[in-house]
Amino acid sequence: MKKLLFKTDGALGPLFLRVSLGTVVFAHGAQKLLGWFGGYGFSGTMDFFTNMMQLPWLVAFLLILLESVGALALFLGIATRLVATAYVFLALGIMFTVHTPYGFFMNWFGNQAGEGIENILLWTGMATALVLLGSGRYSVDSYLYGSSS
């Protein structure tokens, strides 16, 4: 089981995927957890998730951790397949509950009420590739559990 979840090869592709995705998701997680980049911070995000979106507090808390701590883990290549699997499900949930009504494209010109699925579809594809490929070169997973190349 450990081999299936953590073993990876020395390929560079997964390195670029996880660093890029980890960076993008961390920015969103930092908004939610720390209030950086114009975000509401932990208490504001918890309030929004639990009161406005009617999510259970545990789910809201786990979402904040997944987008912040999980993004750092992904960036470093720690448990990449597990984090990426969680990101696939998170992204699909976000896509179908938030972005689908606004079509495909992002809201480049501010002429619609929300963003389309364009960006979240990229996130889903990157996470799916990481589930299949593992963390690649220069990852904690490869140092701890070995590399196949």
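**View 1. The largest pocket of this predicted model and the residues around its centre.** Thirty-two residues would crowd a label set, so here are the ones to find: of the 32 residues lining the largest pocket, His28, Lys32, Glu67, Ile94 and His99 lie nearest its centre. The space in this pocket comes to about 1,000 Å³. A pocket here is found on a 1 Å grid over the protein atoms alone, as an open set of points where a 1.4 Å probe fits, with protein on both sides within 12 Å along at least five of seven lines; a lining residue has an atom within 4 Å of a point. Grid points are joined across faces, edges and corners, and the volume is the space filled by probe spheres set on the points. At least two lining residues come from each of helix H2 (13-34), helix H3 (41-52), helix H4 (57-76), helix H5 (80-99) and helix H6 (118-133). Helices are DSSP runs (H or I, at least four residues), numbered from the N terminus. By type, the lining has 18 nonpolar, eleven polar and three charged residues; Ala, Val, Leu, Ile, Met, Phe, Trp, Tyr, Cys and Pro count as nonpolar, Asp, Glu, Lys and Arg as charged, and the others, Gly among them, as polar.

A note on reading all the views: residues are numbered from 1 along each chain as its sequence is written, and side-chain values use heavy atoms, with hydrogens and water left out. Because the model is predicted, local features need pLDDT of at least 70 and side-chain atom pairs count only at pLDDT 80 or more, while totals for chains, interfaces and linings use all residues.

**View 2. Aromatic pairs, with Phe42 and Phe61 in focus.** The structure holds six aromatic pairs. The ring centres of Phe42 and Phe61 are 6.1 Å apart and their planes meet at 85°, so this pair is edge-to-face. Rings of Phe, Tyr and Trp (its six-membered ring) pair if their centres lie within 6.5 Å; planes under 30 degrees apart count as stacked, over 60 as edge-to-face and the rest as tilted. Because Phe42 sits in helix H3 and Phe61 in helix H4, the pair ties together parts that are 19 residues apart in sequence. Phe42 is partly exposed at 33% relative accessibility, and Phe61 is partly exposed at 29%. For accessibility, buried means under 20% relative accessible area, exposed over 50%, and partly exposed in between (1.4 Å probe, protein chains only). Phe48 and Phe49 make a tilted pair, 6.0 Å centre to centre with 50° between the planes. Here Phe48 is partly exposed at 39%, whereas Phe49 is buried at 9%. Look also for Phe26, Trp36 and Phe37, which ring pairs link into a cluster.

**View 3. The largest nonpolar core.** Which of the 24 residues in this core touch the most other members? They are Leu21, Tyr87, Leu90, Ile120, Trp123 and Ala127. Such a core is a set of buried Ala, Val, Leu, Ile, Met, Phe, Trp, Tyr and Cys residues joined through side-chain atoms within 4.5 Å. H2, H3, H4, H5 and H6 each give two or more residues to the core, and H5 gives the largest share, eight residues. Not counting neighbours within four places in sequence, Leu90 is in contact (heavy atoms within 4.5 Å) with Leu63, Leu66, Glu67 and Trp123.

**View 4. Two buried glycines, Gly70 and Gly134.** Gly70 is in helix H4 and is buried, with a relative accessible area of 9%. Beyond its neighbours within four places in sequence, Gly70 is in contact with Leu65, Val83 and Tyr87. The C-alpha atoms of Gly70 and Phe26 are 8.1 Å apart, although the two are 44 residues apart in sequence. Gly134 belongs to the loop between H6 and helix H7 (140-145) and is buried at 1% relative accessibility. Leaving out residues up to four places away in sequence, Gly134 touches Thr8, Pro14, Thr80 and Arg81.

**View 5. Two loop residues with positive phi, Gln54 and Tyr138.** Gln54, in the loop between H3 and H4, has phi near 60°, a positive value in a residue other than glycine. Gln54 is exposed, with a relative accessible area of 59%. Tyr138 has phi near 60° and lies in the loop between H6 and H7. Tyr138 is exposed, with a relative accessible area of 51%.
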